[in-house]
Amino acid sequence: MEYKVRFVNYPEHYRRIWNEVIDAMSECLSKGDLIARRQLEEFEANLARFVGTKYAVGLNSGTDALLLSLKAAGIGKGHEVITVSHTFVATITSIVFNGATPKLIDVGADMEMDVSKIEKAMTKKTRAIIPVHLNGRMTDMRIVNTIAQENGLIVVEDAAQALGAKLGNLNSGASGLTGCFSFYPAKMLGCAGDGGAIVTDDEEIARKVKLLRDHGFKRDTNELLMYGYNSRLDNIQAAILNVKMKYLSDWIERRRNIATIYDRGLKGVGDLLLPPGPTLGEYYDVFQNYVIRTEKRDELFEHLKRNGVETLISWPRPTHLHPALGLTKFKLPMTEKISKTVLSLPMYPELKDEDVRYVIDTVKEFYR
Ligand SMILES: *Cc1c(COP(=O)(O)O)cnc(C)c1O
């Protein structure tokens, strides 16, 4: 069906930056600069500068950013890693595929890790915590970092949904051992396919992740220093990301602006629970997603669909309740409640004010 307001709008996104993107791609193709060339190095420098870390390493996905972070940090068999169930499954996959055991804890009403539950989940085997900055809002890293320091744990930030988010003076991705980003097309900064990166201040971790992404191959001396993967960020994707980096701050402001319009329009409507506002306290949220909650979620989803508004449910079943993953022993009441009530409204910089108003009016009509 033809939606009036789509959940994402890639054609419009590219229409606005068409010439610059095509020029960047042409340059790579005409010179044959396809793997690990100048554009990749430039992008890594751009990303590290934006986040405020010493190093950034481009990878093929956010998933591999998590996977290689844990591997470089020596997390493996016999270790436990604390994270949430209310996340994209890749967070948990990265633990399992390193041979470690996920310990899942609940989230709070703002859908971020409930940091008051971390210490209760710790055992002698705990080695790491993966906070997930979901929907463009940061987990309370002040508390996560304090607990980690006191207990000798490493922190890998899943910042795949939170490039540019801040909490006080902490930038998303910058205060853990690594911060993991995804450039999947719908993310804050999306490439034209799959991509990801880690950022870090730790020279040794940056060096290891660079080796791990390229078969353990030290190119300048032709040595194989370890077994590795093929997980490089394509040079052509890096070139596209360099173009888009210039607009990132404006796009973030536009997302926050849209969130304000949603907030004003939907406040007090029906039984809706809105996300924390864009100007609350020390949080600088970047609104990767604008997620509302309602007991009438499925009916509202259908009503919006019938009226041409495309929405998304992330996630209709909590990750730990998929039996094939072997995680059903975890009891996470808030996560389970959230999965029955969440609905993500359209949220991307290209949305026009009139689109946002249409979504608001259509939601209001549902409750009339
Ligand atoms: C998108 C995402 C990932 C995975 O990133 P990919 O680039 O798709 O591999 C991991 N964690 C979270 C929270 C995400 O949203």
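The following paragraphs describe the overall form of a predicted model, its ligand site and several individual residues.

The chain contains 368 residues, and its radius of gyration is 21 Å. A compact globule with this number of residues would have a radius of gyration near 21 Å, so the computed value agrees with that expectation. Along the principal axes, the C-alpha trace extends over about 70 × 55 × 40 Å. The secondary structure consists of 13 helices and 14 strands. Of the 368 residues in the chain, 56% are buried.

The ligand is surrounded by 14 residues, and the closest are Gly62, Thr63, Asp158, Ser182 and Lys187. Polar side-chain atoms approach the ligand at several points. For aspartate 158, a polar side-chain atom is placed 2.8 Å from a nitrogen atom of the ligand. Glutamine 161 has an N or O atom in its side chain that is 2.9 Å from an oxygen atom of the ligand. In the case of serine 182, the distance between a polar side-chain atom and an oxygen atom of the ligand is 2.7 Å. The ligand taken alone exposes 380 Å², of which the protein buries 93%.

A nonpolar patch is found on the surface of the model. Leu29, Leu34 and Ile35 form this patch, which has an area of about 270 Å². Within this group, isoleucine 35 is located in the loop that lies between helix H2 (18-31) and helix H3 (38-51). Its relative accessible area is 41%; because this value falls between the limits of 20% for buried and 50% for exposed residues, isoleucine 35 is classed as partly exposed.

Serine 249 is likewise partly exposed, since its relative accessibility is 43%. This residue belongs to helix H10, which comprises residues 248-266. Serine 249 and phenylalanine 50 are 199 residues apart along the chain, yet a distance of 9.6 Å separates their C-alpha atoms.

Other residues examined are buried, a class that requires a relative accessible area under 20%. Threonine 200 is situated in strand E9, which covers residues 196-200. With a relative accessibility of 1%, threonine 200 is therefore counted as buried. A polar atom of the threonine 200 side chain lies 3.0 Å from the backbone nitrogen of aspartate 202.

Aspartate 285 occupies the loop between strand E12 (283-284) and strand E13 (290-293). The relative accessibility of aspartate 285 is 3%, so this loop residue is also buried. The side chain of aspartate 285 forms a polar contact of 2.8 Å with the side chain of arginine 137.

Isoleucine 292 is placed in strand E13, the strand that follows the loop holding aspartate 285. Its relative accessibility is 0%, and isoleucine 292 is therefore buried. The C-alpha atoms of isoleucine 292 and leucine 266 are 9.6 Å apart, with the two residues separated by 26 residues along the chain.

Technical notes:
Residues are numbered from 1 along each chain as its sequence is written. This is a predicted model: local features need pLDDT of at least 70, side-chain atom pairs count only at pLDDT 80 or more; totals for chains, interfaces and linings use all residues. Side-chain values use heavy atoms; hydrogens and water are left out. Patches are made of residues with over 30% relative accessible area and no salt bridge: like charges are joined within 9 Å, nonpolar side chains (Val, Leu, Ile, Met, Phe, Trp, Tyr) within 5 Å. Accessible areas come from the Shrake-Rupley method with a 1.4 Å probe; for residues, only the protein chains shown count as cover. A salt bridge is a side-chain nitrogen of Lys or Arg within 4 Å of a carboxyl oxygen of Asp or Glu. Helices (H or I, at least four residues) and strands (E, at least two) are DSSP runs, numbered from the N terminus. Buried means under 20% relative accessible area, exposed over 50%, partly exposed in between (1.4 Å probe, protein chains only). A residue is near a molecule or strand if one of its heavy atoms lies within 4 Å of it. A polar contact is a pair of N or O atoms within 3.5 Å; within protein, one must be able to donate a hydrogen and the other to accept it, and residues adjacent in sequence count only if both atoms are side-chain atoms. The radius of gyration is taken over C-alpha atoms; the globule rule is 2.2 Å times the number of residues to the power 0.38.
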